[in-house]
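Got your viewer open and a selection box ready? Let's walk through this one stop by stop.

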Amino acid sequence: MTGSTAPSPWLPTAPCTPGRCAAHPDPAADRTALAAGAALASARLAVGIGAVLLGVLCVPAARLLPTPVRLALVRYWVRAVVRAFGVRVRFAGLPAPADRPLLVVANHVSWLDIPLLAAVLPGRMVAKTEVRQWPVLGALAVLGGTLFIDRDRLRALPGTVRAMAAVLAGGGRVIVFPEGSTWCGRAGGRFRPAAFQAALDGGADVQPVRIDYRPTDAAAYVGDDPLGASLWRLAATRGVTADVTTLEPIPGARYPDRRSLAAAAQRAVASESANLPSSSVHQRDRSSPASASSSRTPA
């Protein structure tokens, strides 16, 4: 995550911190309830990690399968992994076009956003280089053809955009979180325009997606939050629901430049958010302050 290093002035940032925006054990809860929560989290973690490892072991065999079959297996597998961690997923909206390249863009709340999008719109993910070092998930990202971006090197950004455009020009699908940082879920950041240049260069439409969690503070992965702490928090929380809404595709050819295209995608995602129950950006479901967060990526 961000660590103690001072952020670069051009990197997108958000003010969330784990202490303000993430769920924490209720100190008033009795020991029996806390023990039950710990037992539930341990069981879910064991099942979830087992499901992830099973997927890793099956990768060599899966590569021999026809592409449609392989993608279908990926969708079922990531849904099983998410469910193993105790998350109920509801998919809604329009079916994504299957016959043309797409730049898939979504708001960014959690590491959980990644498997959720893979469950409905599998494609080449764009992620920060730090993801390579994540236990198990890093290996999966590499095997899945993730396009890694060094968020500390602005000069590397054009090369990443060219790589994205090449995938799109070849008829593929690229998934990116253009806010460049995870946010708490009550508010979001501006969609940075760089990724949208890849859609223009690659002749692709933009597919906006809205992701929402209830309760938001259980899923939010913000600030300097360690991955292990986030996994435990999610597994220990009962009744977490993720809503993934696929919106109307935006034809890239209708917009003269990447900034106007990025603004159109941001408006689409924000308008979907307006249809959800409103909540102040400074309040959590569990009554602590909220803000916005962390995994910063150049845009």
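Residues 24 or more positions apart account for 81% of the contacts in the chain with a separation of 6 or more, a contact being heavy atoms within 4.5 Å. Before you click anything, note that this is a predicted model, where local features need pLDDT of at least 70, side-chain atom pairs count only at pLDDT 80 or more, and totals for chains, interfaces and linings use all residues. Residues are numbered from 1 along each chain as its sequence is written, and side-chain values use heavy atoms, with hydrogens and water left out.

**Stop 1: the whole chain**

Show the cartoon: there are 10 helices and seven strands. These are DSSP runs numbered from the N terminus, helices being H or I of at least four residues and strands E of at least two. Buried residues make up 49% of the 299 in the chain; buried means under 20% relative accessible area, exposed over 50%, and partly exposed in between, with a 1.4 Å probe and protein chains only. Switch on the surface and you are looking at about 13,900 Å² exposed, with carbon and sulfur atoms supplying 59% of it. Those areas come from the Shrake-Rupley method with a 1.4 Å probe, and for residues only the protein chains shown count as cover.

**Stop 2: colour by confidence**

Now colour by pLDDT, the predictor's confidence in each residue, from 0 to 100. The chain averages 78, and 75% of the residues score at least 70. Which elements sit at the two ends of the scale? Helix α1 (residues 18-21) has the lowest mean pLDDT of the elements, 55, and strand β2 the highest, 96. Select residues 1-10 next: the pLDDT there is below 50, and the stretch has 23 contacts in the model beyond near neighbours in sequence. Residues 278-299 are also below 50, with 98 contacts beyond near neighbours in sequence.

**Stop 3: strand β6 and its partners**

Select residues 205-214. Nine of the 10 residues of this strand, β6, are buried, so it is largely enclosed by the rest of the structure. Add residues 102-106, which form β2: β2 and β6 pair in the parallel sense over five bridges. (Two strands pair if DSSP finds at least two bridges between them.) To find one of these bridges, pick V105, whose partner in β6 is P208. Then add β7, residues 240-246, which runs antiparallel to β6 and is joined to it by six bridges. Here R214 has T241 as its bridge partner in β7.

Stay on R214 and step to P215: a cis peptide bond joins the two, with omega about -10 degrees. P215 is found in the loop between β6 and α8 (216-219).

**Stop 4: the cores**

A nonpolar core is a set of buried Ala, Val, Leu, Ile, Met, Phe, Trp, Tyr and Cys residues joined through side-chain atoms within 4.5 Å. The largest has 39 residues, and W111, L112, L116, V209 and Y213 have the most contacts inside it. Centre on Y213 and show its surroundings: leaving aside residues up to four places away in sequence, Y213 touches V109, S110, L112, D113, L116, A219, T241 and A242. Apart from that core lies another, of 29 residues, including L147, F196, A198 and L247.

**Stop 5: the salt bridges**

How many salt bridges are there? The count is three, taking a side-chain nitrogen of Lys or Arg within 4 Å of a carboxyl oxygen of Asp or Glu.

- **D243 and R90:** the closest N and O atoms are 2.7 Å apart. D243 lies in strand β7 and R90 in strand β1 (residues 87-93), so the pair ties together parts that are 153 residues apart in sequence. D243 counts as buried at 18% relative accessibility, while R90 is partly exposed at 38%.
- **R100 and D205:** the closest N and O atoms are 2.7 Å apart. R100 sits in the loop between β1 and β2 and D205 in strand β6, 105 residues apart. R100 is partly exposed at 35%; D205 is buried at 15%.
- **D212 and R210:** the closest N and O atoms are 3.1 Å apart. D212 is buried at 6% relative accessible area, and R210 is buried at 9%.

**Last stop: G170**

Go back to R100 and measure across to G170: the C-alpha atoms are separated by 9.8 Å, with the two positions 70 residues apart along the chain. Is G170 buried or exposed? G170 is exposed, with a relative accessible area of 67%, and its place is in the loop between α6 (157-169) and β5 (173-176).
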